Amino acid sequence: MESIPSDTQKIAAADSGFNFLTPDAWTALLSRYSHIVLVANSEAVDLERLRSELPETALYVFFNNVYKVLDEPFAGHAVLVARSGVMGANIVHRREVADVLRFFAGGDFLGVVNIRVSPEENFSEESRFNGTGARHLDMTQMIRDLYPAGKIATSGFAMALWLADLQLPGKILLAGFSAKRSEKWKVFDVHDWTFEQIFLRLFARMGTISMIGGVDASPYAALAKRFPQVPPVEIAMTAAEVLSERLHNANSQIDRLMSVTKSIRAIEGFFRRFKPKTRKERFLEKSKE
């Protein structure tokens with residue numbers, strides 16, 4: 001794992017097995033890269049094209065189950081972000097550390113960054129990552145007053161926001177942040193994908209970040225060119241009006257589907273009662289005792 005200049009490195013709670021860095025230490029570590037590329041676990045990612053277009057000084061940030069985007073060990077500057085859950089880092093409690101870390105080797109691997117975004121999430125000690133150097137990053141305060149209530153931020157969104165706040169000299173690129181469900185990989189309803197896409201696209205239009213892959217050019221930009229005499233706010237309000245009507249129509253069809261599938265869902269709910277409890281469910285029950 002790459003080192004940090006000794007005059008900027010500060011480790012908190014070293015005896016606890018957690019390795020926290022100051023913002024200055026993070027800046028010193030990440031400022032050496034010309035580009036920081038956040039690689040989503042998405043089919044929209046074209047990693048081969050990215051590698052051919054970006055210089056060797058780019059750092060690639062991967063998330064959790066990297067086998068979704070990698071078929072072979074990655075040769076280049078890389079770091080693995082390991083998201084925490086209530087039982088610690090997800091790849092730790094699911095016993096996937098070895099399966100994930102086999103994709104990274106050599107001196108260009110920056111190590112693991114174990115992050116938490118919600119107060120309910122817990123870190124895993126550095127020793128739990130099979131000897132790979134790990135750092136810990138708590139982003140709960142940053143996200144708390146920003147993200148919609150009742151939802152949990154994705155790792156990619158949290159990292160993009162955190163990196164932007166560091167104001168690094170290198171460019172921040174988001175690859176494959178489409179927020180679209182595919183036949184192979186699903187998106188989880190615990191995240192507010194609409195809010196994240198709005199936020200990230202505003203960031204992109206401000207020039208704070210760049211988005212590559214998974215995001216089409218805005219069709220409303222063409223409307224503005226076609227109707228230059230119409231104020232942008234009128235175009236936005238008209239678009240919102242149409243989208244609202246379409247959403248209302250879609251909700252009507254969803255209500256019909258809920259009615260038609262009522263008996264099917266009742267049968268499913270009956271058999272779910274006999275499903276064995278997961279390790280996470282047993283852990284949560286035990287923690288309440």
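Colleague: Why is H1 called roughly perpendicular to H6?

Modeller: This is a predicted model, and in it helix H1 (residues 23-30) packs against helix H6 (residues 155-166) at an angle of about 90°, the axes being 10 Å apart. Anything from 65 to 115 degrees counts as roughly perpendicular, so H1 gets that label against H6.

Colleague: What makes the contact between those two, and how does it divide by class?

Modeller: H1 brings Pro23, Trp26, Thr27 and Leu30, while H6 brings Trp162, Leu163 and Leu166. By class that's 6 nonpolar and 1 polar, with no charged residues. Thr27 of H1 is in the contact, and Thr isn't on the nonpolar or charged lists, so Thr27 goes down as polar.

Colleague: OK, now H9 and H10. Why is H9 called oblique to H10?

Modeller: Helix H9 (residues 232-260) and helix H10 (residues 262-272) cross at roughly 55°, and their axes come within 4 Å. Roughly parallel needs an angle under 35 degrees, and roughly perpendicular starts at 65. The crossing of roughly 55° fits neither, so H9 is oblique to H10.

Colleague: Which residues make that contact?

Modeller: Met258, Ser259 and Val260 from H9, with Lys262, Ser263 and Arg265 from H10. They split into 2 nonpolar, 2 polar and 2 charged. Lys and Arg count as charged, so Lys262 and Arg265 fill that class.

Colleague: How do you know that Arg49 and Glu53 form a salt bridge?

Modeller: The cut-off is a side-chain nitrogen of Lys or Arg within 4 Å of a carboxyl oxygen of Asp or Glu. Their side chains meet at 2.9 Å, N to O, so the pair passes. Both residues sit in helix H2 (residues 47-53), 4 residues apart, about one turn of the helix. Searching the whole structure turns up 4 salt bridges.

Colleague: And what makes the nonpolar surface patch?

Modeller: Tyr220, Leu223, Phe227 and Leu243, covering about 350 Å². A patch takes residues with over 30% relative accessible area, so these four clear that bar. Leu243 belongs to helix H9.

Conventions:
Residues numbered from 1 in each chain as written. Predicted model: local features only at pLDDT ≥ 70, side-chain atom pairs only at ≥ 80, totals over all residues. Heavy atoms only, no water. Axes fitted to C-alpha atoms, helices over the stretch in contact; angles between N-to-C directions. Parallel < 35°, antiparallel > 145°, perpendicular 65-115°, else oblique. Contact = heavy atoms within 4.5 Å. Patch = residues over 30% accessible without salt bridge, like charges linked within 9 Å, V, L, I, M, F, W, Y side chains within 5 Å. Areas by Shrake-Rupley, 256 points an atom, 1.4 Å probe, with all protein chains shown as cover.
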